[in-house]
Amino acid sequence: IQDNYSDLFPAKAKLPARSVALAVLKLLNAERVSGRGSDKASPWNSASGSRLSDGLTRTIRLSDAGTEFSVFVEYDDKGGYLLKWDDDTAVVHSPSISGDTVAAHVNGEYVSATCTLLGDDIHLFDQSGHAVVTIPVPQYATGAASTSSSNSLTAPMNGKIEKVNVTAGQKVLKDQALVIMEAMKMELVLRAPRDGVIAKVSYAAGALVNENAVIVELEPAKAE
C-alpha cells in the first residue's frame, strides 16, 4: 500500500484559475447587489464598470477544501481584473453576469459557469463538473451563523429532489446527508448545517424546487 499510496489516494486537484476567477467575480457582484459598496460609481460595484486612473486593488480571502489563500485583485481601466494568488495568475477580460451565470475571458479563454452562493460557499457548475470555493469565516464570527443557514436547508439552485433521507422529528448530526438533489445532470448532497431535530420537510422525492427554496427546517434538540 505504501508503494502505491499516491495511486490509491491521489492528492486533491487544485482549483483551476477559471474557477477562482469566476468565484471572485461572483463575490464582487454580490457586494454590488447587496449594496455593501457605498460608492456607486466604484468599479467594484459593477462587473464591467470602469473608472480611469484609479489603480484600485484589494485582497479577497478564499478557501479550497479547508486550505485558505488570498487573492490579490487589481482593477484595470478597461473593465477587467488581474488576479494573483499563490503561484497562479489570472487575467480577466470582458466579465459579464446574468443571474447566476458568470462569464469572462480568463487567460485568453472564454469560460462560463453557473455560480450560486449558499451560506459561505460558492458553488460553480460548468462542463467540467462541480467545484466549491469557500469564504472563510473569521474566528470571532464563527458563533454568529445566520438563522437561515443554521435552521434550514435550502436548494443551491433549480433542480429535482432525488431522495429525502429524513422525516419530521428525526434527530440529525452536523454534516449528515439529508437530501440528494439532481441539477444540471449532477448529484448534489445537502447536509445538515448543525446538530438538531427535523422540524419540517417541505418537499418529497420527485419534486422540482427553485433556487433558495427551503427544503428542510431544523430546530434545536431538546435536552434529555
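These legends accompany close-up views of a predicted model.

**View 1. The whole chain holds three helices and 16 strands.**
The chain has 224 residues, and 38% of them are buried. Its accessible surface comes to about 12,800 Å². Carbon and sulfur atoms account for 49% of that surface. Take the contacts between residues at least 6 apart in sequence: 50% of these join residues at least 24 apart.

**View 2. The largest nonpolar core contains 30 residues.**
Four residues touch the most other members: Val24, Leu62, Val71 and Leu83. Helix α2, residues 17-34, gives this core its largest share, with eight residues. In soluble globular proteins, nonpolar side chains tend to be buried together.

**View 3. Val24 sits among its contacts in the largest core.**
Which residues does Val24 contact, leaving aside neighbours within four places in sequence? They are Ile60, Leu62, Val71, Val73 and Leu83. Of these partners, Leu62, Val71 and Leu83 are, like Val24, among the core residues that touch the most other members.

**View 4. A second core is separate from the largest one.**
This second core has 20 residues. Val172, Ile198, Ala213 and Val216 are included.

**View 5. Thr154 lies in strand β9.**
The strand covers residues 152-154. Is Thr154 buried or exposed? Its relative accessible area is 18%. Buried means under 20%, so Thr154 counts as buried. Beyond neighbours within four places in sequence, Thr154 is in contact with Leu118, Leu190, Asn212, Ala213, Val214 and Ile215. One of these partners, Ala213, belongs to the second core.

Definitions and conventions: Residues are numbered from 1 along each chain as its sequence is written. This is a predicted model: local features need pLDDT of at least 70, side-chain atom pairs count only at pLDDT 80 or more; totals for chains, interfaces and linings use all residues. Side-chain values use heavy atoms; hydrogens and water are left out. Helices (H or I, at least four residues) and strands (E, at least two) are DSSP runs, numbered from the N terminus. Buried means under 20% relative accessible area, exposed over 50%, partly exposed in between (1.4 Å probe, protein chains only). Contact means heavy atoms within 4.5 Å. Accessible areas come from the Shrake-Rupley method with a 1.4 Å probe; for residues, only the protein chains shown count as cover. A nonpolar core is a set of buried Ala, Val, Leu, Ile, Met, Phe, Trp, Tyr and Cys residues joined through side-chain atoms within 4.5 Å.
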